[in-house]
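Here is a short briefing to read alongside the sequence and the model. We start with how the two copies relate, then turn to where they meet, and end with one sheet.

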2 protein chains.
Amino acid sequence: MNVVIIGAVALGPKTACRIKRLNPEINVTMIDRDSIVSYGGCGIPYFISGDVSEATQLQTTSFHMVRDEKFFNKAKDVEVLTRTEAVSINRKQKTVLIRNLDTEQERELPYDKLVLATGSTPNRLTIPGSTLKNVFTVANIHDATHIRELIAKGKVSKPVVIGAGAIGLEMVEAFSDLWGLDTTLIEVQEQLLPGSISPNMSKMVKQHLIEKNVEKVFLKECVQEFGGEGQVEWIKTDKRTIDADLVVMAVGVRPNTQLAKDADLSISKNGAIKVNKQFQTTDSNIYAGGDCIENLHLVTGKPVYFPSGSLANRHGRMIGSNVLGATEEFPGVVTTFILKMFDLAIAATGISLDQAQRAGYDVFSTFVVQGDRAHFFPGMDLMYLEMVVEKESGRVFGVQGISGNGDALSARINAIGTLLQRKTFIKDISNLELAYAPPFSAAMDIVNALGNTAENIIAGKNRVMDIDQFEAVFGGPADQNYLFLDVRGPANAKPFVEAYPGLWLNIPQDELRDRIDEVPRDKNLVLICNSGVRSYEAQITLDLMGISTTKNLQGGVAAIKKSGMKLV
Amino acid sequence: MNVVIIGAVALGPKTACRIKRLNPEINVTMIDRDSIVSYGGCGIPYFISGDVSEATQLQTTSFHMVRDEKFFNKAKDVEVLTRTEAVSINRKQKTVLIRNLDTEQERELPYDKLVLATGSTPNRLTIPGSTLKNVFTVANIHDATHIRELIAKGKVSKPVVIGAGAIGLEMVEAFSDLWGLDTTLIEVQEQLLPGSISPNMSKMVKQHLIEKNVEKVFLKECVQEFGGEGQVEWIKTDKRTIDADLVVMAVGVRPNTQLAKDADLSISKNGAIKVNKQFQTTDSNIYAGGDCIENLHLVTGKPVYFPSGSLANRHGRMIGSNVLGATEEFPGVVTTFILKMFDLAIAATGISLDQAQRAGYDVFSTFVVQGDRAHFFPGMDLMYLEMVVEKESGRVFGVQGISGNGDALSARINAIGTLLQRKTFIKDISNLELAYAPPFSAAMDIVNALGNTAENIIAGKNRVMDIDQFEAVFGGPADQNYLFLDVRGPANAKPFVEAYPGLWLNIPQDELRDRIDEVPRDKNLVLICNSGVRSYEAQITLDLMGISTTKNLQGGVAAIKKSGMKLV
């Protein structure tokens, strides 16, 4: 039996190896246009940054063998044809016409089963100048090596990254951190990681960029033209012209489907290769997986395009089994992701507030700031989580978070993501059992606190204000109707009270009942503490005292600071 | 309405605060025998070690307020009676007879709802000398402060810890790490963390103790007597006499049920207070939770005693709601835990091999060693996971693991624990979606690898040998029937080949097909690589070549080294 696999980056090699392990007598041939195969594409930003010193490290196994043609032949008994393009598929004859890109030689490759592991292609802006030298996408090791060589030779001093998705942010770090380059980031939408996290959390991510001296972050700005003599020298947006000697376009990827289209295989509405749950295309002898297909989103119940090296590997193994007759079905995804940007990790699972609203759900979000471990344990750092909940039902649609400790953030996001495989409600979050010991978590973990807070909001006990609403009323024209009641201890509150006399009032939460006469009854009160917990208690006390024109600032002063507002 | 809560450490305060937040007009009185209330008992080892500098830190809120009687009164409007004992409950009159331990005064406290948050008491060995001075349990802040003072004054040089459960191991670190004391650990069972992890993984934990210079680890040893003039000076076991100037007994805890028993409330077979899913005892006006009750184990479907500060907090909140008329039901537990011991974290969820076998299940375990992040990412460290699987069905009963990075370990254990809330099968583990980016995980995460490996074992493709079986045949009398085939590269294998000529053979996996004639066909072959992955591939190749008398060493040389065997 002959199996041909088109594409040899992530899914292809995984499928090939799985097939050979299940039945070493199958002939497996894997072809790829590139000369370099089976590499960790997700590691490219870390190679460019210098964290990973050699490009070959992305191509080696964990035991330091380079996964090249020879390796696949010797260690895996898989034939790999590099610099080889699949020109067309003849489904009737069950052959693939392939062409060697160096020799131009063509030949037919017979298959019994064919696997399309054609992956995705980064989008390029189709604007004037986009083919100038030094305008890159981050697509393969050749480009990455080229970029790093330019930097190492001192030829880059003003890199510009277009697109503030995960790869864009990773690239900003790659240029700025170890290389210290003066990097500009441009995003057409109003926020960083648009769609993936809330605008409020996006502000906190932006603030981290600023703290890391990446101050040229231009949002809601549209790139219109690249210019320069031979190579890129400037970028024109709808707002300004920016000097640039290297540009990375990180504006999304699209599935590679041309081969499938030409072979009359069905393509989905959104432009990916259509497969069933067993990864069969509309031709049952042809399988597809990884970045060239869509997945079922288990939260929305709708298809979602979610390119991911991890997903490709899991697809690949299952395709390997199914090619040999298994009928394994892939359940779907909850689009869990994480990324590192300087000293901050950003992670999410399920869908964001924005995505839920666009899908027509009536949702709110709750935002909780709490330690990533017991507050008394050395090294404790604050973690920030936001949860998207349906108002009526209390159903949980997703959680997004940021933390200085990505592993600790994964510990929460992975657990919630696992819950989200099935319909999840607030109580599942409130009661979620997580590994507890003071060096790793609080007795009431931030995840449980997130559920508890959401429950209090739905019950109408906790009436909250978000950081953007705070920003809108604090110091704005609406100011005179508001009073900001700081319920922390006097030492914490003092600088604020001094900076905003008459506007910022301090009555510690534990003195509130005794000092209730000092609370003005003719203003909208915004209750503020460090995180939103004591101010919630204050709100309850004030309600009892008949003062109910209060809002509790979610995340409190921690959220104010994290989003970069400098009040004092 | 009056609510009385007996016990004010973890569950009590949480219940009290929840009630007051839901309805500030309820009168809540909380009583405790101790003078110190509402503290993080799980933090005691870190206070003794000096990681936490002041005992009050265990008693403060995250915003540095000490949670004493005054705090509860002022900030929470909860009355706290310390140094006060609940003598008896009069269920007919709905009163609790309380006694002030200082004044000996008694009075009746009326309740509408009563909450038993009586917690647990550490077991003490009932052997001669157990009441000598400086023989402690780790139960409260007074003992902890006393122990730390003794150390700080230089009066402790030979501490002995009895019991190698979580608290015992934490105490060993507390004495040895910052204080540098020459600590002895004694455990009556054959392994560390008996029942919680496998004997093989226990060896790895023991090896970490040895690397941290805790060399006096005496397993399967029974303490028979404490001796000394006034204070403890020596310990006699069934095997030796050990000098000791301070002893900590960490031999488990038992639920405090006397008050409930005396009030004729039902007690479970295993000796905990019986409650329904809403935490009501057999008197529907009396609730109980935390360390004095049992929980439903969601994996075994049977009751389990699982004392935990985190669990007590989650119980407490729900009891608070239910006391006020809610009907929330606690689902149960999967006994997820983690602990830090020097630079190693040990975590588990579900049940261990031993527990599953004793419960009558026909199970096996699979052991996987893999990086905690992408192998090319700086700072990658190996993680070790073991999974317990039912042979016939592929049902997953539990996962145990060790790692130098406890947060990264939590990221895996929390996700698996979340799965285990429902019946879990191998494919759920193989397909589990985890947050992926090279700084935090591998494209095929160790969790997925664990599922894949278990699948290969069940399919009969991967015939494995565990590290204890390896130890039994390597260098033993059975030796002559065995040959150890190292399929790594020559550089890695060389020291082993030189140390064991004729016994340890090296043919790299990628040369195996070409050099098949060198493989002896008259021996039991143990296939070895660094982790068990390449040796699995070698096993498939050898099967194809007609050599099937092979076993693949799970975890490979990494497991050999981690468990402390010094082969070269």
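A turn of 180° with a shift of 0.0 Å along the axis lays chain A on chain B with an RMSD of 0.0 Å (superposed by least squares on the C-alpha atoms of residues with pLDDT of at least 70 in both). That is the relation of a two-fold axis. In chain A, the C-alpha nearest the axis belongs to A:Ala411, 1.7 Å from it.

This is a predicted model, in which local features need pLDDT of at least 70, side-chain atom pairs count only at pLDDT 80 or more, and totals for chains, interfaces and linings use all residues. Residues are numbered from 1 along each chain as its sequence is written, while chains are lettered from A and ligands numbered from 1 in the order in which they are written.

**Where the chains meet**
- The contact (C-beta atoms, placed from the backbone, within 7 Å) takes 75 residues from chain A and 75 residues from chain B.
- On the chain A side, α10(A) gives the most, with eleven residues (helices are DSSP runs of H or I, at least four residues, and strands runs of E, at least two, numbered from the N terminus).
- Because 100% of the interface residues of chain A are also interface residues in chain B, the copies meet through the same surface.

**One sheet in chain A**
- Three strands form an open antiparallel sheet in the order β4-β5-β6 (chain A); strands pair if DSSP finds at least two bridges between them.
- Its edge strands are β4 (84-90) and β6 (106-110) of chain A.
- β5 (residues 95-100) of chain A pairs with β6(A) over five bridges, and A:Ile98 has A:Arg107 of β6(A) as its bridge partner.

Definitions and conventions
Two residues are in contact if their C-beta atoms, placed from the backbone, lie within 7 Å.
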